[in-house]
Amino acid sequence: MKSKPVEKKRKARDEESDSESDDELGNGLFDGVLEASEDEEDYIPSDAIDDGDSESEASEGSEEDEEEDDDALLSDDIPSDIEDNDDMGKLRKGAEELEIAEPGVDPKPKHQEEEGRNYRIEKDANGGERYVYDEIDPVYDSDDSDAKGPVNTIGDIPLSFYDSYPHIGYDINGKKIMRPATGDALQSLLDTIEIPKGWTGLTDVNTGNPLNLSQEELELVRRVQQGLIPDELHDPYPDTVEWFTSKQETMPLSAAPEPKRRFLPSKNEAKQVMKLVRAIREGRILPYKPPEEREREEEEKEEVQFDLWQDEEPAAPNPMHIPAPKLPPPGYEMSYNPPEEYLPTKEEREEWEKTDPEDREKEFLPQKYNSLRKVPAWGTLVKERFERCMDLYLAPRVRKNRLNIDPNSLLPKLPSPAELKPFPTVVQTIFRGHEGTVRSVAIDPTGVALATGGSDGTVRVWELLTGRQVWSVKLSSEDPVYTVRWRPTKDAFILAASAGEDVFLMVPTHSSVTPTLDQASRDVLAAGFGYATNGQQPATAPGKEPAGKWARPGTKLEDAGVLVRVTVRSAVKVITWHRRGDHFATVSPEGQRSSVAIHTLSKHLTQIPFRKLHGLAQTVVFHPLKPLFFVATMRTVRCYDLQKVELVKIVQPGAKWISSLDIHSGGDHLIVGSYDRRLLWHDLDLSNRPHKTMRFHPKAIRAVRYHKGGLPLFADASDDGTLQIFYGKVPNDQLESPTIVPVKQLKGHKVVNQVGVVDIDWHPREPWCVSAGADGTARLWM
Amino acid sequence: MAKIKKKGQSGQAKNYITRTQAVKKLQISLPDFRKLCIWKGIYPREPRSRKKVSKSATASTTFYYTKDIQYLQHEPLLQKFREQKVLEKKISRALGRGDVGDAARLERNAGRPDQTGKPRYTLHHVIRERYPTFIDAIRDLDDCLSMLFLFANLPSTTAVPAKMIARCERLCHEFQHYLITSHSLRKSFLSIKGIYYQANIQGEDVLWLVPYKFNQRVVGDIDFRIMGTFVEFYMTLLGFVNYRLYSSIGLKYPPKFDQTKDEKGAELAALTLEGVNLATNEETTKAITNGEGHGPDPKVQAEVDKLVKKLRTETNGDKVDEEMAEGEDEDEEKATDAIDKFEPAAPGGDVLPQPTYSGNDPSKLFANCTFFLSRETPRQSLEFILRAFGCKRIGWDSILGEGSFTTDESDPSITHQIVDRPIIQAATTEEGDGEDNQTAQKLGPNQRYPGRIYVQPQWVWDCVNDEELKSPELYAPGAALPPHLSPFVKPMQGQYDPTIPLEEQQTEGEALEAEIEDAKVEAESEEEDSEVENDMDVADDNDDDEEEDSDAEEEKEDEEDEDEDEDEEVLQRQRELEAEISGKAVKSKQVDPKLKAKLDKKKELERKKKEEAEDLERAKGMLSKKKRKLFEQMQYTNKKKSTEDMKLRSKRRRLEKEKAAGKA
């Protein structure tokens, strides 16, 4: 152990002596380097060298040229170079001082130190050698590099700026530093021939002197360049010092016995090994192969195929899953050589080209090629496939039930109209005479006379079969006659007609009217006057207007046959007689509270049954058998019991605006016509909703009417100028539903101002009907 | 009291989920979601009421069933996607760090299927899930085959790697081989889009489209990533289907693939089918040898020799063999000949389709023919279709690729030659000096080998679709071909059918109209005749008259059952009007009866039509609103169809007339 350091020391000494003989300067430089650890300022030069040579000139050479850089680098050294002597001396002095300061140190190092080192080698506690450096005396001059000599203070500018001057810069005191004398060309030539010691061919930037480097410095530069440790003597790989040796100590640090685990194989390691073994067995760890080979192998590996459906078991398809529809198979027009009729004509082709590609019905035009070799590639095939792909994954699928049935099977099987005869089919008589619209028609209960009322304010009576006008009266000059209705009994021949707010009751002259019948009729009408004069009429409240004023219409009208005038509060549109003929009801839709009035003929009495009505009253009708009264407002039909004075039923046809209403002679069925083009059949026993809805007219329905004489017929009249005749058989059995068959559409009336047929009436016995049209005619159909 | 229900907590609002919500729920990117949907067969659903499902939904919002998305959540592929995502992140991070080596290592693990055609995941569990039985898979094969055949014909680009194309091609060839061996191809159709094929596999009809062999143009914005995803799935599907099909007919899958042959363009012949049984491999190896291939098999030869010795009478052993084989065939046919006809024993039952009897088995349609394909014919499709219908020997020019029975056009065994070149008027110099080495002698243009049938390619397709060898005269080279009709159209009652003569399918009214027109034209021409060349063609005139008379008689017979209550006056008036228009004097009565009768008939028809319309109107009024709408809709479509048909009929009538005029 001890012999090695000694040898080293010896070697060092030899080297020292060499260097000493070489040059003193080397020591000085070396000195500075080793001091670097303690003194940074001194270290700068060597640091600069280190930077410039070992690495690229990145840190400093970025701004200056390479040469200048070198100059600058080297120039840094110059102060130390120059001051070497001083420095040396100083250090020596310091060393001596140190010697004095440390008396207990071996003389041997001192001796070495005297030989030119600034450190001593001492033995440390373990016998190893240890470098001990001198203490630096921190006096003012000790570490002052400024005072070392004339430093050129021109700063960081190239020296070439001073080429034309005799000086090369200024020292710290502002004195010119003169350019050192340079020999002439010959001299310089001579210089190149015999190279002085330490010549580098470089010039110190600061001083302009040639830059000389000593052997030591060059050596140092070389070592730094090679990346070696600058200190030659430093041993980076010293022998290991066996602090804890295998040698048995007499006094061990711990007397604990060796633990058992030292002798047992490690479980953790076994686990790790097993992990690897398993990985190898499973093939997760493979023997190494170069990556190229592995890649190639992987490429060669085929996709493994096997029988995927080996254990297939048919499962019921998920009901929510909708399989994608298949594309339709190609038709004839897709052939490359289709039959010629599939080829488009010139117009078709043009039209196809004109339409937007998105709007085209077919995405291609059929084309014909004479032979297969002429068929080109289909341009949009990829796009079509792509669209199919998009459809497959992006289109929402909806299951649509395509009804693959004959549309005619939807139609109900209707019996042939020929089986359902009789019903009116052709126009028999046209009654002309009214100016403007014929508003209303009515056939008298005996079936011989026809009464019509028109917009011209006249009421006319005609012979039904011949069409001859037998009687006429003008009721009003400004108001139209809205409605005419015969009193439904045969014991009298009384006609009610409305014009404006007035209801007139009259006895027209007619061939069928015998004097006795005429007299009887007049008596019926006159009876009321006696009743009124007898004062049995209830007195109305003094301030209140009576519901209806019964009066004689005046001599002129009385002469014509018009015997009674009843004036109500607003214009009367509808008159309906009770079957016995003693009562009749009027409807004046604008009349609000008093829109519905019931008049008693025998008493000349007018009553307003409803205080309030839900909606505008449209029409009213008396039940043919029971004391029931139907009032149709715009939306609903209400049925009231007149005896008990209560609401019995509300029928809801579902129409928006009811125009007309009629009740079957049996009393259990109702038909409702509406302005929203519907004809509704109600079975009153079954439901409040319609039993059947029929839409045959493109325009509003104005009137509906049952045949009252025992024939299973009904008809409606519409604004489209047609009448529709239906066969409507009401069965005797309550449980059976009525048979309704449309049998005939009667056309003939002209449409004037969007109004077609306005009113309709049936003959009391025969399957004949009369219609009133806006074209100023009434027609008899049979 | 029942709990108050909150809106959006139950019912439709819970059953549906928007796409964005679904993507968020699955925590994958949109492209990955798309992939997953494509593979798993999840598609959007249209809710009954969009408003109830989501208030903020616009028209373009796509909804999925929540249950579908829940089902996706358990998908093992999802984990793969996530792993891939993590890997991508690692790669990008490594690249960001400038760690190129690490990135390259990770990239190697990435295994991009869109570039290599080789994914790290397998899809077979998805296929098994989507198609629980094999038949289900067959049923869905239409799109798969069309797609793969298209991709097999695409040029390779960055979006479509060459490997993917090669694999598609391989799978398609394998499938074609199955069809050839099992003879399950049924129909084929040359359309303008490509060639449609229909095969019957285990009772399921599969229809697919193969493009013509041209470079496919890619137009418009096509996202090949989507197509690629589909193709990836379809490739796996077809692989497994092929395996199953091959094993069902006792063949080994995958068949042996000959790289060198494939490179020479052998296509189908590059694959060699092998039997499953390894012990009898030698015998079962069924290479598409094109008949002779490697010369006589020694074993067969030995047997033949034996036979020859035994019989000693015949000079040619092969002949005996053939005869024997034929005899056997006949016997077999006799055995299977009797097909029962199902006659209804009692009236009233539904009529079922009869078991069709076709005299020629599709697998033997071309069995006795040897074909030679000229250079200009589409070899791939012809080879496939001929082989699928029993042809064993097909030769073609060596330009068309490897694998032909013979490249020698002058081979005497050739019975049919398929040509698609026009007949050249002037004899030009021989073309193709480069191919002289294989054909010893070349024929000049328009020259033919005797004893051979020359046909155009359409003949093959028409034969296949009609299941009989059509007469080749119609399909001779240069001849105007008869129209090629789609075999997939099922004739429907009342629909226009080009195969049926016009008279059998036109409506009464149309026929009448046409006749009237004819008559008018005739009458006019007659008039002209009589006016201009009165004295020239007397005999002709007489002839015409006779014809007309006979016509008129026939028509009278037809009309016998019709009621004769027409009024003369109207007719007369019409006649007068016509005369007025044509600027001639009112015609004498001699032509009248015919025209008159026809006009009467027309009138009668019109009257009937009117009555029917009235009846219809009456019945329609009795329908409810819903039913009436439906009825009107149906009538609309029916009417549209019938007008289309009418247009076709009228076009055909005109064409026929033109043709007749051209002939006369």
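In this predicted model, helix H12 (residues 162-182) of chain B packs against helix H13 (residues 224-248) of chain B at an angle of about 30°, and their axes lie 10 Å apart. Since angles under 35 degrees count as roughly parallel, H12(B) and H13(B) are therefore roughly parallel to each other. The crossing in which H12(B) passes H13(B) is left-handed. On the H12(B) side, the contact is formed by Met164(B), Arg167(B), Cys168(B), Leu171(B), Glu174(B), Phe175(B) and Tyr178(B). H13(B) answers with Val231(B), Met235(B), Leu238(B), Gly239(B), Asn242(B), Leu245(B) and Tyr246(B). By class, the residues of this contact comprise 10 nonpolar, 2 polar and 2 charged.

Turning to the contact between the chains, 75 residues come from chain B and 57 residues from chain A. H13 of chain B appears here too, being one of the elements that each supply at least two residues to the side of chain B that touches chain A. Also among them are helix H3 (30-40), helix H9 (124-130), helix H11 (141-152) and strand E3 (185-190) of chain B, as well as helix H19 (457-466), helix H24 (592-621) and helix H25 (625-663) of chain B. The largest share, 10 residues, is that of H25(B). The side of chain B that touches chain A divides into 43 nonpolar, 16 polar and 16 charged residues. For the complex, the predictor gives an ipTM of 0.78 and a pTM of 0.61.

Chain A offers a sheet to look at. Its 4 strands form an open sheet in the order E8-E9-E10-E11, with antiparallel pairing. Strand E8 (438-443) and strand E11 (469-474) of chain A are the edge strands, each pairing on one side only. On average, and with direction ignored, neighbouring strands of this sheet are turned by 15° against each other. Strand E10 (residues 458-463) of chain A pairs with E11(A) in the antiparallel sense over 5 bridges. Val461(A) has Trp471(A) in E11(A) as its bridge partner.

Confidence varies along chain B. Its mean pLDDT is 77, and 74% of its residues reach 70 or more. Among the elements of chain B, H11(B) has the highest mean pLDDT (95), whereas helix H17 (residues 317-337) of chain B has the lowest (41). Over residues 313-339 of chain B the pLDDT is below 50, and this stretch has 11 contacts in the model beyond near neighbours in sequence. Residues 427-441 of chain B also have pLDDT below 50, with 15 contacts beyond near neighbours in sequence. Where pLDDT is low, the predicted coordinates should not be read in detail.

Note on methods:
Residues numbered from 1 in each chain as written. Chains lettered and ligands numbered in written order. Predicted model: local features only at pLDDT ≥ 70, side-chain atom pairs only at ≥ 80, totals over all residues. Axes fitted to C-alpha atoms, helices over the stretch in contact; angles between N-to-C directions. Parallel < 35°, antiparallel > 145°, perpendicular 65-115°, else oblique. Left-handed = near helix turned anticlockwise from the far one by under 90°. Contact = placed C-beta atoms within 7 Å. Nonpolar A, V, L, I, M, F, W, Y, C, P; charged D, E, K, R; others polar. Pairing = 2+ DSSP bridges. pLDDT = per-residue confidence, 0-100.
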